[in-house]
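Q: Please pick one part of this model and take me through it closely. I would like to know where it sits, what it touches and how much of it is covered.

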Amino acid sequence: MTRTTKNKPTWSDIKRQIAKFDHMGLLGFIQDLYSSSKANQAFLQARFTLNSEVLKPYKAKISRWV
């Protein structure tokens, strides 16, 4: 069922497309996201706990305001 009446895709629409990727396709997609912005790099590094320093600026801001 393709949604053509909606103006904006939903997460379900995106998830359905991602489910079609094979392993290499999914890795390529994530690589594209990673290389597209510093924010994406920081998110992926934090999400996979690759760089504990990536959260340091956010922890400092929280500490300052608490």
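A: What follows is a close look at the second helix, α2, and its surroundings.

The model is a predicted one. The chain has four helices and zero strands, and its pattern along the sequence is α-α-α-α. Of its 66 residues, 8% count as buried. About 6200 Å² of the chain is exposed, and carbon and sulfur atoms supply 62% of that area.

Helix α2 covers residues 23–36, and the loop between α1 and α2 contains F21. Helix α1 itself takes in residues 11–18, while α3 takes in residues 38–47.

Start with the side of α2 that meets α3. Two packed helices are described by the angle between their axes and the distance between the axes. For α2 and α3, the axes come within 5 Å and cross at roughly 120°. An angle from 65 to 115 degrees would count as roughly perpendicular, and one over 145 as roughly antiparallel; the rest above 115 is oblique. The two helices are therefore oblique to each other.

Which residues make this meeting? From α2 come I30, L33, Y34, S35 and S36, and from α3 come N40, Q41, L44 and Q45.

Y34 is worth following through this contact. Its place is in helix α2. If residues up to four places away in sequence are not counted, Y34 touches N40, Q41, L44 and Q45. Y34 and Q45 are eleven residues apart in sequence, and their C-alpha atoms are 9.4 Å apart in space. Is Y34 buried, exposed or partly exposed? The cut-off for buried is under 20% relative accessible area, and that for exposed is over 50%. Y34 has a relative accessible area of 32%, so this residue is partly exposed.

Across from Y34, Q41 is found in helix α3. Leaving aside neighbours within four places in sequence, Q41 is in contact with Y34 and S35. Q41 counts as buried because its relative accessible area is 18%.

Now turn to the contacts of α2 that lead back along the sequence. F29 lies in helix α2. With residues up to four places away left out, F29 touches I18 and F21. F29 and I18 are eleven residues apart in sequence and 9.0 Å apart in space, C-alpha to C-alpha. At 30% relative accessibility, F29 counts as partly exposed. F21, in the loop before α2, also counts as partly exposed, at 36% relative accessibility.

F21 and F29 belong to a nonpolar patch on the surface, together with L26, I30 and L33. The patch has about 370 Å² of accessible area in total. Two of its members, I30 and L33, are also among the α2 residues that meet α3.

For a contrast with these nonpolar side chains, look at α1. Side chains of opposite charge can pair when their charged atoms come close. A search of the whole structure finds one salt bridge, and it joins the side chains of R16 and D13, at 3.1 Å from N to O. Both residues lie in α1, three residues apart, about one turn of the helix. R16 is partly exposed at 35% relative accessibility, whereas D13 is buried, with a relative accessible area of 14%.

Definitions and conventions. Residues are numbered from 1 along each chain as its sequence is written. This is a predicted model: local features need pLDDT of at least 70, side-chain atom pairs count only at pLDDT 80 or more; totals for chains, interfaces and linings use all residues. Side-chain values use heavy atoms; hydrogens and water are left out. A salt bridge is a side-chain nitrogen of Lys or Arg within 4 Å of a carboxyl oxygen of Asp or Glu. Buried means under 20% relative accessible area, exposed over 50%, partly exposed in between (1.4 Å probe, protein chains only). Patches are made of residues with over 30% relative accessible area and no salt bridge: like charges are joined within 9 Å, nonpolar side chains (Val, Leu, Ile, Met, Phe, Trp, Tyr) within 5 Å. Accessible areas come from the Shrake-Rupley method with a 1.4 Å probe; for residues, only the protein chains shown count as cover. Axes are lines fitted to C-alpha atoms, for helices over the stretch in contact, and angles run from 0 to 180 degrees between N-to-C directions. Angles under 35 degrees count as roughly parallel, over 145 as roughly antiparallel, 65 to 115 as roughly perpendicular and the rest as oblique. Contact means heavy atoms within 4.5 Å.
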